[in-house]
Amino acid sequence: MTQFRKQKPSGTKRMVINIDQPQSFAAEQFRALRTNLSFSAIEGELSTIMITSAGPAEGKSTVASNLASIYAQEGKKVLLIDSDMRKPTMHYIFPVRNNLGLSTILSGHSALKNTIKGTAIPNLDLLPAGPIPPNPAELLTQPVMDRLIEELTVGYDLVIVDAPPILSFSDAQIIGNKCKNALLVVHSGRTVRDDAIKAKEMILLSGCSLLGVVMNKLMQQQNKSYFESYKKQMR
Ligand SMILES: Nc1ncnc2c1ncn2[C@@H]1O[C@H](COP(=O)(O)OP(=O)(O)OP(=O)(O)O)[C@@H](O)[C@H]1O
Ligand SMILES: [Mg+2]
């Protein structure tokens with residue numbers, strides 16, 4: 001019997017910029033990201049995208065939730081998976097119950113059908129992370145995880161997977177192995193360059209292709225050379 005751990009409720013309200021402030025500069029940047037992605041992969045190959053970063057709090061869940069909502073708004077049937085079973089957040093961004101989720105499916109406590117939740121955004125469904133299990137990496141290596149992703153790519157045009165930081169835990173590498181593509185989120189001014197390079201290498205080692213790097217929280221006063229030097233290293 002899996003001993004799930006209770007998560008403390010989050011006090012801060014999270015929003016999807018693309019929905020709550022569609023005219024904002026940030027929302028415009030997310031739409032530009034979507035356009036850039038369509039250039040960096042053949043549309044049909046964009047079936048699964050894992051979002052990860054080197055370390056914690058770099059903006060993975062923000063990027064995952066906004067990207068998922070943009071694709072859903074343009075008519076694609078999208079599923080967002082919160083695969084961060086150590087620190088689940090998607091059920092706060094799209095308020096749904098987290099009593100069932102990825103952790104309960106992988107541990108055999110719930111079925112896919114009654115675990116996926118609809119959201120307020122048409123075409124966008126959410127598979128929350130579920131209650132925190134004692135062994136997330138072990139759960140992710142179960143064959144049921146492979147079958148799950150395969151099954152979901154049949155039912156959805158696009159599956160976006162919000163993953164834990166890749167340098168902190170093995171989870172993201174395990175998930176990367178089951179996804180076709182990955183996006184690496186870098187917190188500008190905070191992510192150490194060597195960590196970003198290591199994260200890129202780990203993504204490639206996991207077997208998925210790196211679609212690109214999202215430079216998050218780039219301050220206007222941060223000079224162009226900072227951005228350019230990252231660009232060179234990530235090629
Ligand atoms: N570009 C941004 N501008 C302002 N705030 C941001 C931006 N990106 C993310 N945030 C905020 O920073 C915090 C961390 O973001 P987020 O939860 O998306 O990161 P994460 O990488 O998923 O974190 P974790 O590793 O804990 O899962 C959140 O409060 C989020 O609202
Ligand atoms: Mg997160």
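## Ligand contacts

In this predicted model, a nitrogen atom of ligand 1 lies 2.7 Å from an N or O atom in the side chain of Asn216. The protein covers 68% of the 630 Å² of accessible area that ligand 1 has on its own.

Two further contacts involve oxygen atoms of the ligand. The side chain of Thr62 places an N or O atom 2.5 Å from an oxygen atom of ligand 1. Ser61 contributes a polar side-chain atom, 2.9 Å from an oxygen atom of ligand 1.

## Pocket and shell

Where does ligand 1 sit? It occupies the second largest pocket. The surrounding residues include Arg14, Asp84 and Lys87. Pro56, Ala57, Glu58 and Gly59 are also among them. So are Lys60, Ser61 and Thr62. Asn216 and Lys217 complete the list.

By class, the shell around ligand 1 has six charged residues, four polar and two nonpolar. Which element gives the most to this shell? Helix 3, residues 60-73, does, with three residues.

## Backbone at Ala57 and Asn123

Ala57 belongs to the shell around ligand 1. Its place is the loop between strand 1 (48-53) and helix 3. The phi of Ala57 is positive, near 55 degrees, in a residue other than glycine. The loop that holds Ala57 thus leads into the helix that gives the most residues to the ligand shell.

Asn123 also has a positive phi, about 75 degrees, although it is not a glycine. Asn123 is found in the loop between strand 3 (117-118) and strand 4 (124-127).

## Salt bridges

How many salt bridges does the structure hold? There are five. One of the pairs is Glu28 with Arg31. Their side chains meet at 3.2 Å, N to O. Side chains of opposite charge can pair when their charged atoms come close.

Both residues lie in helix 2 (residues 25-40). Glu28 and Arg31 are three residues apart there, so about one helical turn separates them.

Methods:
Residues are numbered from 1 along each chain as its sequence is written. Chains are lettered from A and ligands numbered from 1 in the order in which they are written. This is a predicted model: local features need pLDDT of at least 70, side-chain atom pairs count only at pLDDT 80 or more; totals for chains, interfaces and linings use all residues. Side-chain values use heavy atoms; hydrogens and water are left out. A residue is near a molecule or strand if one of its heavy atoms lies within 4 Å of it. A polar contact is a pair of N or O atoms within 3.5 Å; within protein, one must be able to donate a hydrogen and the other to accept it, and residues adjacent in sequence count only if both atoms are side-chain atoms. Accessible areas come from the Shrake-Rupley method with a 1.4 Å probe; for residues, only the protein chains shown count as cover. On a 1 Å grid over the protein atoms alone, a cavity is a set of points where a 1.4 Å probe fits but cannot get out, and a pocket is an open set with protein on both sides within 12 Å along at least five of seven lines; lining residues have an atom within 4 Å of a point. A molecule sits in a cavity or pocket if more than half of its atoms lie within 2 Å of its grid points. Helices (H or I, at least four residues) and strands (E, at least two) are DSSP runs, numbered from the N terminus. Ala, Val, Leu, Ile, Met, Phe, Trp, Tyr, Cys and Pro count as nonpolar, Asp, Glu, Lys and Arg as charged, and the others, Gly among them, as polar. A salt bridge is a side-chain nitrogen of Lys or Arg within 4 Å of a carboxyl oxygen of Asp or Glu.
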